[in-house]
Amino acid sequence: DDLIAYLASGCKPKENWRIGTEHEKFGFENGTLRPMKYEQIAELLHGIAERFDWDKIMEGDTIIGLKQGMQSISLEPGGQFELSGAPVETLHQTCAEVNSHLYQVKAVAEEMGTGFLGIGFQPKWALKEIPIMPKGRYDIMRNYMPKVGSLGLDMMFRTCTVQVNLDFSSEADMIRKFRASLALQPIATALFANSPFTDGKPNGYLSMRSHIWTDTDNNRAGMLPFVFDDTFGFEQYVDYALDVPMYFVYRKKKYIDCTGMSFRDFLAGRLPCIPGELPTLNDWENHLTTIFPEVRLRRYL
């Protein structure tokens, strides 16, 4: 019941609805076109923090992101540079926020001889040439991905996305928006397809990025037909999420590998990686972020 209530707690009246945008892009060296290394990305993060007054997010002694008010900047596994925007009221505010972010990134990156490319799939460099970001949860994912699909590492290291987050007023409103979003997803993919190159050559797809998701991890990705069932609601999504295999548990500032284990077992205190421990709502929140269907539910869509 607590897990269902957690999702339902996202319901809010229409006047409080907001839009949130997540915006990823690939960094590269202007001279060689090679992907930016972590050291260069760290220099960029420090530069943006100091020049534009962002707070640094550290994992130990390592800078892994920035925060300013409700906005944050984070790194995807292969150094994809992501803005998680603040909840705003209109598309115009989202547009202004992204443009401000790109201005700041460009101001520092240009002085470093680096640039950015907004595209769905890394067009030029092979997987082995992509740098690995020093974030604990990504080590766990990197080891697990090849066990559950042939393209998971490509998803982690060679794709970028733009995502939108939307509020809902009630369970019925959530269901309506979830169904509409799922139905529109293939149209959005077709409209904005822009990943026709792999390893410097045409790959035969308009959206290689979309193809990658067909064999990343089908336990946690793809379409969700049950959303169109008459019985669908918060409870059914919780049932689905409980059966998506876990990645990790975060304890004492460390990620503990729980790959392939069941959140249902965790609820019963039978999680092999931390036997006897019961989950917190924070564990549930973390688990929900590791599920990647075409549309996903948290306290917003």
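Hi everyone. A disulfide, for our purposes today, is a pair of cysteine sulfur atoms within 2.5 Å. Please keep in mind that what we have on the screen is a predicted model.

Let's start with the cysteines. How many disulfides does the structure hold? The answer is one. C258 is joined to C273, with 2.1 Å from S to S. That pair links distant parts of the chain: C258 sits in the loop between β12, residues 254-257, and α9, while C273 sits in the loop between α9 and α10, and the two are 15 residues apart. For those of you who like handedness, the torsion about the S-S bond of C258 and C273 is about 85 degrees, so this disulfide is right-handed. As for its surroundings, C258 has a relative accessible area of 0%, so C258 counts as buried.

Now, is C95 buried or partly exposed? With a relative accessible area of 44%, C95 is partly exposed. C11 is also worth a mention here: C11 is partly exposed, at 28% relative accessible area. Back to C95 and its bonding: C95 is in no disulfide, and the nearest cysteine sulfur to it belongs to C160, 19 Å away.

Next, let's walk over to helix α10, which covers residues 281-288. Four of its residues are buried: D283, W284, H287 and L288. Why do these four lie on the same side of α10? Because they cover an arc of only 135 degrees around the axis. If you'd like the background, an α-helix has 3.6 residues a turn, so residues three or four places apart point the same way. And what do the buried residues of α10 pack against? Their partners are α1 (2-8), α8 (234-242), β11 (248-251) and α9 (263-267).

Let's take one of those partners, α8, and look at how the two helices meet. Two packed helices are described by the angle between their axes and the distance between the axes. For α8 and α10, the angle is about 80 degrees and the axes are 11 Å apart. Angles of 65 to 115 degrees count as roughly perpendicular, which means that α8 is roughly perpendicular to α10. On the α8 side, the contact is made by Y237, V238, A241 and L242, and on the α10 side by W284, H287 and L288. So we meet W284, H287 and L288 again, having already seen them among the buried residues of α10. Sorted by class, the contact of α8 with α10 has six nonpolar residues, one polar residue and no charged ones.

Now for a couple of backbone details. L33 is a residue other than glycine, and its phi has a positive value, near 65 degrees. You'll find L33 in the loop between β1 (19-29) and α2 (38-52). L33 counts as partly exposed, with 43% relative accessibility. On to D53: this residue is not a glycine either, and has a positive phi of about 65 degrees. D53 is in the loop between α2 and β2 (55-59). At a relative accessible area of 63%, D53 is exposed.

One last stop, in helix α2, where E50 lies. E50 is exposed, with a relative accessible area of 59%. How far apart are E50 and L224 in space? From C-alpha to C-alpha they are 43 Å apart, and in sequence they are 174 residues apart.

Thanks, everyone, and I'm happy to take questions.

Terms used:
Residues numbered from 1 in each chain as written. Predicted model: local features only at pLDDT ≥ 70, side-chain atom pairs only at ≥ 80, totals over all residues. Heavy atoms only, no water. Buried < 20%, exposed > 50% of the residue type's maximum accessible area, 1.4 Å probe, protein only. Arc of directions from axis to C-beta. Contact = heavy atoms within 4.5 Å. Axes fitted to C-alpha atoms, helices over the stretch in contact; angles between N-to-C directions. Parallel < 35°, antiparallel > 145°, perpendicular 65-115°, else oblique. Nonpolar A, V, L, I, M, F, W, Y, C, P; charged D, E, K, R; others polar.
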